[in-house]
Amino acid sequence: MNAGTNTPGTGEQIGAARRSARVVLVNWKNAPLTLRAARSIAPQLRQGDRLIIVDNGSGDDSLDVLAAHLPELRALAGRPPGVGGADVEIVNAGVNDGFGAGVMAGASDLSEGALVLLNNDATVREGFLDALLAPLGDPMVGATTALILLAGRYREARDGEAVALSGNGPTRWVRLSDDEARAGLGTILVNSTGNVVDGAGNGQDRDWLCLASELDAPAEVFGICGGACAIRSDAWAEVGGIRTDLFMYYEDTDLSYKLHEAGYSVRFVREAVVDHEHAASSDATSPMFTRVNARNRLIVAAEHAAWSVVANALARSIVRAAREGFRGPAAHGIAQGIAAIPAALRRRHARRTRRGGAHLR
């Protein structure tokens, strides 16, 4: 690799600073939210970069709204009419086949040095893109993942308060009003410093609800958080991109497994900061969320995880389904996941065979 010598847009670097990037934003029925994310990232684009906004078959006025703001976004990206600079485009996927399918539509014919994924309910802070891309100059680093903060400021919940965020610890948190936040009250909380997988195959945000002021996260991390990450284009091509059959959730965990199996590492970049409106583009309490998470956890574990993790994931899933009387969205998802395990194991075997029987990392 000869850093800094490749042609922007078709090679690995823009000048000596970083490689070129294609940023993909997936929209579904929320053009105003997507435009907010696009406005935050567009000024950080350089010549040779591209911003691709994929509409996943919204069926509302999203395409018209997004198209009406293309001149504004191109100007923010340094490309007013008739002048060179970063490009901004809209891709009409035509149908909602899920997050992975939207990403793959935006990543089609990838020629830039890296692919950057950004949730449409997130906004980036100054210096985000350069910082996120910098570690990809190391050929062993296949992907980077950002410091994702929860938008707004929070205080500890009082007894009896129903609207609260909670994690592994005893503390629950309530978001302050905008006026209280502007007054500097409360604290800033971490959403993610990358993804980790526990002994039952659960993909989780590392450092969820940690105090940002006390964060001490190492750069080494298992996986990317798909809400704000970058993947080297050669690594992306080698692992076949992101899978499209999960519809939503666990695609980033699956991709992280594949990167490790191909010999790449993932690096957390603290200087690449994003503010995330938690669950603004999806409902973490919906039956679909529950069903899809239960299903995809089993599928991804069966395809990639150590056998002890697969067994633990399966056992805990069956116990959970039994407690729910084998009814409800979680039990439905577990049944779908169990039914998909044979196919997952066949893919696992085929991949190991192609790699000469190398041990999964």
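How many of the residues of H8 are buried? I took this up at the start, working throughout from a predicted model.

**Entry 1: helix H8**

I found H8 mostly covered, with eleven of its eleven residues buried. I listed the buried residues of H8, among them the charged Glu 251, Asp 252, Asp 254, Lys 258 and Glu 261. Leu 255, Tyr 257 and Leu 259 are also included. After H8 comes Gly 263, and I noted its positive phi, near 95 degrees.

**Entry 2: aromatic pairs**

I searched the whole structure for aromatic pairs and obtained two. In one of them, Phe 222 and Tyr 257 meet edge-to-face, with 5.0 Å centre to centre and 70 degrees between the planes. I then located the partners: Phe 222 lies in the loop between strand S13 (220-221) and strand S14 (228-232), whereas Tyr 257 belongs to helix H8 (residues 251-261). The two are 35 residues apart, and the pair thus links distant parts of the chain. I looked up the accessibility of Tyr 257 as well; the residue counts as buried because its relative accessibility is 8%, and the cut-off for buried is under 20%.

The other pair joins Tyr 249 and Phe 289, again edge-to-face, at 4.9 Å centre to centre and 75 degrees between the planes. I placed Tyr 249 in the loop between helix H7 (233-239) and H8, and Phe 289 in helix H9 (residues 287-304). This pair, too, links distant parts of the chain, its members being 40 residues apart. Are Tyr 249 and Phe 289 buried or partly exposed? Tyr 249 has a relative accessibility of 19% and therefore counts as buried. Phe 289 has 23% and so counts as partly exposed.

**Entry 3: positive phi outside glycine**

I recalled that most residues other than glycine have a negative phi. I then recorded Tyr 250, whose phi is positive, near 75 degrees. Tyr 250 lies in the loop between H7 and H8, as does Tyr 249. With 8% relative accessibility, Tyr 250 counts as buried.

I also recorded Lys 29, which is not a glycine and has a positive phi of about 60 degrees. Lys 29 is found in the loop between strand S1 (21-27) and helix H1 (31-41). Its relative accessible area is 46%, so Lys 29 is partly exposed.

**Entry 4: packing of helix H9**

I next examined how H9 packs against two helices. With helix H11 (residues 329-354), H9 makes an angle of about 25 degrees, and the axes are 7 Å apart. Why do H9 and H11 count as roughly parallel? I set the angle of about 25 degrees against the cut-off of under 35 degrees; H9 and H11 are therefore roughly parallel to each other. I noted the crossing of H9 past H11 as right-handed. Sorting the contact of H9 with H11 by class, I obtained 14 nonpolar, six polar and six charged residues.

With helix H10 (residues 307-323), H9 packs at an angle of about 155 degrees, with the axes 9 Å apart. The cut-off here is over 145 degrees, and H9 and H10 are therefore roughly antiparallel to each other. I noted the crossing of H9 and H10 as left-handed.

**Entry 5: a charge over a ring**

Which ring does the charged end of Arg 348 sit over? I identified the ring of Trp 307, with the charged end 3.9 Å from the ring centre. By residue range, Trp 307 falls in H10 and Arg 348 in H11.

Notes: Residues are numbered from 1 along each chain as its sequence is written. This is a predicted model: local features need pLDDT of at least 70, side-chain atom pairs count only at pLDDT 80 or more; totals for chains, interfaces and linings use all residues. Side-chain values use heavy atoms; hydrogens and water are left out. Rings of Phe, Tyr and Trp (its six-membered ring) pair if their centres lie within 6.5 Å; planes under 30 degrees apart count as stacked, over 60 as edge-to-face and the rest as tilted. Helices (H or I, at least four residues) and strands (E, at least two) are DSSP runs, numbered from the N terminus. Buried means under 20% relative accessible area, exposed over 50%, partly exposed in between (1.4 Å probe, protein chains only). A charge sits over a ring if NZ of Lys or CZ of Arg is within 6 Å of the ring centre and within 35 degrees of the ring normal. Axes are lines fitted to C-alpha atoms, for helices over the stretch in contact, and angles run from 0 to 180 degrees between N-to-C directions. Angles under 35 degrees count as roughly parallel, over 145 as roughly antiparallel, 65 to 115 as roughly perpendicular and the rest as oblique. A crossing is left-handed if the near helix is turned anticlockwise from the far one by less than a right angle, and right-handed if clockwise.
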